[in-house]
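Here is a short set of exercises to work through with the coordinates open beside you. Try each task before reading its solution.

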Amino acid sequence: MLSLHNATAQRGGNTLLNNVSLSVAAGECVVIVGPNGAGKSSALKALSGDLTLQSGEVHLNDTAIDQFTPLELAQRRAVLTQSYDLAFPFSVTEVVEMASFCHQEQCSKQQLADYARKAIDEVEVNHLAHKCFTTLSGGEQQRVQLARVLAQLSPALEPSIIAKQGTPYLLIDEPTSSLDLYHQYHVMSLARAAADRGAGVIIVVHDLSLAASFADKLYVLKSGKLVTSGKARDVLTSDVLRDVYNVDASLTLASGQLPHLVISQHNDCITQRT
Amino acid sequence: MLALGHVVIERELARKGLIPVLLFACLLIWVAALSIGGVDISWTEVIAILSGTEKGSLQQTILWEIRFPRVVLSLIAGAGLGVCGAAMQAIFRNPLADPGLIGVSSGAALGAVTVIVLGNTLFTDFTSTFGLYAVPIGAFLGCLAVCNFIYRLSGFSGQFTVISLLLAGIAVNAIVGAFIGVLTLISNDQELRDLTFWSMGSLAGNHWALVLPSLIAIVIAIIGLYRLSQPLNLYLLGEAQAKHLGLNVNALKKRVFILTALCIGAAVAVTGMIGFVGFVVPHLIRLIVGTDHRYLMPGSMLLGALLLTASDLLARTIILPAEVPIGLITSALGGPFFLIMLMKTYKNMAK
């Protein structure tokens, strides 16, 4: 279990998180949603150990997160952030293979190279493997970084390692922001697949249709506070959507289709054409 | 963002081939630097002297006492400058960084000049206690002080912003320039002469007793920095990302600064300010083998050795029997190279 207990965080007079508690268990895919500035990324940063809390605690497999060294943390959880500032011309394969760093003592070089190759396959960037990272498009870069993160998580998903150090976690911030439709769903299903293999997965997304399609559990944040949590169909009700997003909309749940959001034509956010 | 070769060439081949080629070139320049000079010694004679078959001649004295320490110094100092340049460019995540530009070298210079001018008056026992090593120790301390300052500066904002660091470099260079100016004013004729020639950079007049401790310090720093190759690769991804991958980022920064201070301090103390080697060398190597520091570091080491030894050979033969300060040669070569890279960078940004 990776969990946040009554977390409060402030920076420069702003409250980023206000008494937020949330958790993700092994095999679970949890999604955090909320409007801009709701504290989604802050919650994810707190869970990955990057944010200093004014009060509250973060626990990873029953140990306070600040008890781990950076290396121990890296062996137990992988993080995909929103932005990267890589300005040096590494090749795609080199970027993905950086994931090997924290597993060098546990795995052989051959195993680590296999994990990297498998991650490149899964994310479908084989054709880019020898290209220079800085020349790729935004969406391609995002997928390559995802491959790196999956390559970091894979060794920790081996049953022998899970037995030794417990459930590994995957934390992803906005993985779909610059992806096309196909890759949005592909990337989310890869995260889902990691949960099915035993990881605890926690994702921040804006797209509520995607969130409802892949989440076991949703957390809705607004202004640093937790509004509600639970299954998509119970959480994303018209009332909550109006309250949190100020939008009249509803979630449709038809058989044979993934859930998606239907937005009413009469909304404050839509300037009516005359 | 920056002007770099945005092509991944046949890296495998380049990575395998570069080290042997550079090693061979270093060997050639080593023999050439031993044989060419005011008194020419043919390379057959060089080999004879080195293998110990020829003894007692003038040539042997020149070779052992003058040229050999000088060539070894230029090889090792060049290697150190190359490796430090690569490490600095990585730690500031900017291919335009250089120990000279961010004020690290001038910190060393201030330390050294302070010892040259004030060594005898201010600390009565300092020069007599440390003798030959007073200047290197002063340079190391000055270097470490600047590194520490820059490290603290980066600590306030939580991370290095490149602009603020380069600006801090300008400020440090200006402050150091002022201090050195004051020290120059109050120095007597002999001290003035010493520090003028020292500040232009020279590999001359260094004998084994003086060179050896600096060489040891530089070699230690080179080995230490080479061992940080993989962490530096990770660090280039971004500070948060490197941390997520299991790297202790603060420890890495600290180590790089201490090793760089050790290396630059030792190099500046015995050779004076030699600019741009640390900037040009990693740049060229990066074009050939890419950014991976496991290849970049050894490549920069060898090319730095090669470049500095070749520059020194040029410096001491071009206007025989006089010598051009080597700092002038490296700056004359490196300055335009820097401007070209800067222009390329802004062209790319404008696109």
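In which helix of chain B is the place of B:R152? The place of B:R152 is helix 6, residues 134-157 of chain B; helices here are DSSP runs of H or I with at least four residues, strands are runs of E with at least two, and both are numbered from the N terminus.

A word on the ground rules before going on. This is a predicted model, in which local features need pLDDT of at least 70 and side-chain atom pairs count only at pLDDT 80 or more, while totals for chains, interfaces and linings use all residues. Residues are numbered from 1 along each chain as its sequence is written, and chains are lettered from A and ligands numbered from 1 in the order in which they are written.

**Exercise 1. Two residues of chain B**

Task: decide whether B:R152 is buried or exposed, then do the same for B:N94.

Solution.
- Step 1: recall the cut-offs. A residue is buried if 20 or more other C-beta atoms lie within 10 Å of its own, exposed if 12 or fewer, and partly exposed in between, with C-beta atoms placed from the backbone.
- Step 2: count for B:R152. There are 9 C-beta neighbours inside 10 Å, so B:R152 is exposed.
- Step 3: count for B:N94, which sits in the loop between helix 3 and helix 4 (104-118) of chain B. B:N94 has 22 other C-beta atoms within 10 Å and is therefore buried.
- Step 4: set sequence against space. B:N94 and B:L236 are 142 residues apart along the chain, with 9.3 Å between their C-alpha atoms. B:R152 and B:G37 are 115 residues apart in sequence, and 46 Å separates them, C-alpha to C-alpha.
- Step 5: widen the view. Of the 351 residues in chain B, 48% are buried.

**Exercise 2. Helix packing in chain B**

Task: describe how helix 9 of chain B packs against helix 12 of chain B and against helix 3 of chain B.

Solution.
- Step 1: take stock. Chain B has 15 helices and zero strands.
- Step 2: choose the descriptors. Two packed helices are described by the angle between their axes and the distance between the axes. Axes are lines fitted to C-alpha atoms, for helices over the stretch in contact, and angles run from 0 to 180 degrees between N-to-C directions.
- Step 3: apply them to helix 9 (residues 208-226) and helix 12 (residues 249-271) of chain B, whose axes come within 8 Å and cross at roughly 150°. These two helices are therefore roughly antiparallel, given that angles under 35 degrees count as roughly parallel, over 145 as roughly antiparallel, 65 to 115 as roughly perpendicular and the rest as oblique.
- Step 4: classify the residues of this contact. There are 15 nonpolar, two polar and no charged residues where helix 9 of chain B meets helix 12 of chain B; Ala, Val, Leu, Ile, Met, Phe, Trp, Tyr, Cys and Pro count as nonpolar, Asp, Glu, Lys and Arg as charged, and the others, Gly among them, as polar.
- Step 5: repeat for helix 3 (residues 58-91) of chain B, whose axis comes within 9 Å of that of helix 9 of chain B at a crossing of roughly 30°. Helix 3 of chain B is thus roughly parallel to helix 9 of chain B.
- Step 6: classify again. The contact of helix 3 of chain B with helix 9 of chain B has 17 nonpolar, one polar and no charged residues.

**Exercise 3. Strands of chain A**

Task: find the edges of the six-stranded sheet in chain A, then examine a hairpin.

Solution.
- Step 1: read the order. The sheet is open, runs 6-7-8-3-9-10 and has mixed pairing; two strands pair if DSSP finds at least two bridges between them.
- Step 2: locate the edges. Strand 6 (77-80) and strand 10 (225-230) of chain A each have a single partner strand, so one side of each lacks a neighbour in the sheet.
- Step 3: look inside. Strand 3 (residues 29-33) and strand 8 (residues 200-204) of chain A pair in the parallel sense over four bridges, and A:C29 has A:V201 as its bridge partner in strand 8 of chain A.
- Step 4: turn to the hairpin. Strand 4 of chain A pairs with strand 5 (residues 63-64) of chain A in the antiparallel sense over two bridges. Two residues lie between these strands, and A:N61 takes a positive phi near 45°.

**Exercise 4. Where the chains meet**

Task: describe the side of chain B that touches chain A.

Solution.
- Step 1: count. In all, 25 residues of chain B are in contact with 29 residues of chain A, contact meaning that the C-beta atoms, placed from the backbone, lie within 7 Å.
- Step 2: assign. Helix 10 (229-236) and helix 11 (239-244) of chain B are the elements that give two or more residues to this side.
- Step 3: classify. The residues on this side of chain B are eleven nonpolar, eleven polar and three charged.

Conventions:
Two residues are in contact if their C-beta atoms, placed from the backbone, lie within 7 Å.
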